[in-house]
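Subject: A structure for you to look at

Hi there,

Here is the structure I promised to pass on to you. Please open it alongside this email, and then read on for what I found.

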Amino acid sequence: MAAPPGPSGDRRGPVLPAELLSAALVGTERRPFTGTATDGLRLDGSGPAALLEGTAVALAYRRAGVVPVTGRAPIEPAPQESAFVVPVAAAHRLALLLTDGGVPGGSEVALGLLGDWLTRAAERGYRVPAELLPSLLDAGRRRAALRPALAAVAGRRGAWLAARRPDWRYLLTEATADPDPADWATGTPGQRLAYLGAVRATDPAAGLELLTTTFDSEDPEDRARLLGTLLTGLSLADEPLLERALDDRRKEVRITAADLLAALPGSGLRQRMAGRALACVRLEGDRLVVTPPVERDESMRRDGVQPRPPQGVGPQAWLLEEILARTPLDTWPAAFDRPADRVLALPVADDWGVTIHRGLARAAATERDPVWATLLADQITDEVLAAQLYDALPPAELARYAARSLRRDPIRAHRLIAMQSGAWPDELAEAVLDAVKALAGGQRHAWHIGELCRSAAPSMPVHFAGRAADLAEKLHADHPDSRQPMVVAQLAAALNFRREMYEELR
């Protein structure tokens, strides 16, 4: 293995001073050693023993890399922690996840289980052992999805450590656990975010007052994140600050404010959007007639209507979709005097139906309305938008929809399942195992079993481990030369791994 670089970048490592090297090469009988001064260091003594001792001291001195200096202020020590460290067994399992050691299914499954471990530990108020922080910070650098839970379990030592390496500084912007009132004045961006979020959760009015007082003086990069805390306890009392933020110089702040106002019942923005939508879409007889907006005016810009359509979408269709996506869903039953299913059943003139359904689907995903989401889920072909609707469905409806999709098109269903976060309901787990069994009996999509099992490993309820193991045995009996039984057996092992993980984090 190559030697680490020395202070000058030389990978040969430290070498002996010339006087010591020559005496060592020819021997002290031919070149007696009587002490020497090298690099400002005085080595006293004589004879072979003094040469060996001087060699050890000189090498250690050079390996240190720099000459000690005086007058430099030491680094402040890491702050004291108040949270309990995870139990020893849980810490050992975290180390396995960080090294992929012994994790069923390999590195891809380990990454999913790492996120699950961090979330569980954060929910229980634990922090991780200090010695594992560097590996965790490296994992968070590579995968942003881990960062919120990682910040919660890293403790104050994690933020202290992150401030000392540029590639770990991302942690300083994440909300941390154990917020302290002093953090609002002197903490890192993440600590300030955590404190404001904690205040907002217990006293929304006090949180609003804190943010309103400092909002204009906040760093532009922090304003959007701090504004996002208003989602907790969102009410019409927050509307004046959010309306002011619509005129902010920073695009991210304006988008955050518009999204919050679009989610706030009774807000002026929702009323303005409803007025625009009804001017564009009207009921004539038994069909909808559309007059799309010609261009984005200044009021639309202020309310968050984005100007640039994705590829393949015309500018007028995009503006219409943007307006509908921010229009309250209850606008349509009230305006057309019919329930949601009958609104969606109305024919649309001039092929505007796809645009209208996309806009309504985005509104359903934002409002997390199960009625509209269920009605629209089967009509949307865009996978990302369909997944957002899928996520908005309540657990029972989610399982029903996923099970039906698995039977109809397991390839597309898997893509939706892979986007689904959180624990699965039992019905969805049953549907996945049924799909695995059905796929194993054919040839066309048998390879897809591995993808389904890897998606199931971090989310399928752990009490399905026995059923997965039984299925693996049956597949082995039916297809002894196939790789499929091993993949399903790895799923069973991963579920047992998770069950043990949960027990250790109690």
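Let's begin with one residue: Leu-236 lies in the loop between helix H10 (220-228) and H11. Please keep in mind throughout that this is a predicted model. Is Leu-236 buried, exposed or partly exposed? Its relative accessible area is 44%, and a residue counts as partly exposed when it falls between the 20% and 50% cut-offs, so Leu-236 is partly exposed. Setting aside residues up to four places away in sequence, Leu-236 touches Leu-264, Pro-265, Gly-266 and Ser-267. You can also try finding Leu-319, which is 83 residues from Leu-236 in sequence; their C-alpha atoms are 27 Å apart in space.

Now zoom out to the whole chain. The protein chain contains 26 helices and four strands. Its radius of gyration is 31 Å, while the globule rule gives 23 Å for 506 residues, so the chain is more spread out than a compact globule. Along the principal axes, the C-alpha atoms fill a box of roughly 115 × 70 × 45 Å. Of the 506 residues, 46% count as buried. If you take the contacts between residues at least 6 apart in sequence, 63% of them join residues at least 24 apart.

What about the surface and the charges? The accessible surface of the chain comes to about 25,900 Å², and 54% of that belongs to carbon and sulfur atoms. There are 60 positive and 66 negative side chains, and the centres of these two sets lie 4 Å apart.

Next, have a look inside. In soluble globular proteins, nonpolar side chains tend to be buried together. Here, the largest nonpolar core has 135 residues. Which residues have the most contacts inside this core? They are Trp-117, Leu-227, Val-281, Trp-372 and Met-460. Trp-372 is a nice one to click on: leaving out residues up to four places away in sequence, Trp-372 touches eight partners by name, namely Leu-329, Trp-332, Pro-333, Ala-340, Val-343, Leu-344, Leu-360 and Ala-364. There is also a second, separate core of nine residues, including Phe-33, Leu-43, Leu-51 and Ala-58.

Two arginines make a good pair to visit. Arg-192 sits in helix H8 (residues 189-202), and it is buried, with a relative accessible area of 12%. Beyond its neighbours within four places in sequence, Arg-192 is in contact with Asp-183, Trp-184, Gly-187, Thr-214, Glu-218 and Leu-226. Arg-249, on the other hand, is found in the loop between helix H11 (239-245) and helix H12 (251-262), and counts as exposed at 72% relative accessibility. Residues up to four places away aside, Arg-249 touches Arg-223 and Arg-254. Pro-220 is 29 residues from Arg-249 along the chain, and their C-alpha atoms are separated by 8.4 Å.

Finally, here is something about the backbone. Most residues other than glycine have a negative phi. Asp-351 is not a glycine, yet its phi is positive, at about 60°. Asp-351 is in the loop between helix H17 (340-345) and helix H18 (353-367), and it counts as exposed at 73% relative accessibility. Arg-368 also has a positive phi, near 50°. Arg-368 lies in the loop between H18 and helix H19 (370-377), and is partly exposed, with a relative accessible area of 44%.

Happy exploring!

Notes. Residues are numbered from 1 along each chain as its sequence is written. This is a predicted model: local features need pLDDT of at least 70, side-chain atom pairs count only at pLDDT 80 or more; totals for chains, interfaces and linings use all residues. Side-chain values use heavy atoms; hydrogens and water are left out. Helices (H or I, at least four residues) and strands (E, at least two) are DSSP runs, numbered from the N terminus. The radius of gyration is taken over C-alpha atoms; the globule rule is 2.2 Å times the number of residues to the power 0.38. Buried means under 20% relative accessible area, exposed over 50%, partly exposed in between (1.4 Å probe, protein chains only). Contact means heavy atoms within 4.5 Å. Accessible areas come from the Shrake-Rupley method with a 1.4 Å probe; for residues, only the protein chains shown count as cover. Lys and Arg count as positive and Asp and Glu as negative; His and the chain ends are not counted. The place of a charge is taken as NZ of Lys, CZ of Arg, CG of Asp or CD of Glu. A nonpolar core is a set of buried Ala, Val, Leu, Ile, Met, Phe, Trp, Tyr and Cys residues joined through side-chain atoms within 4.5 Å.
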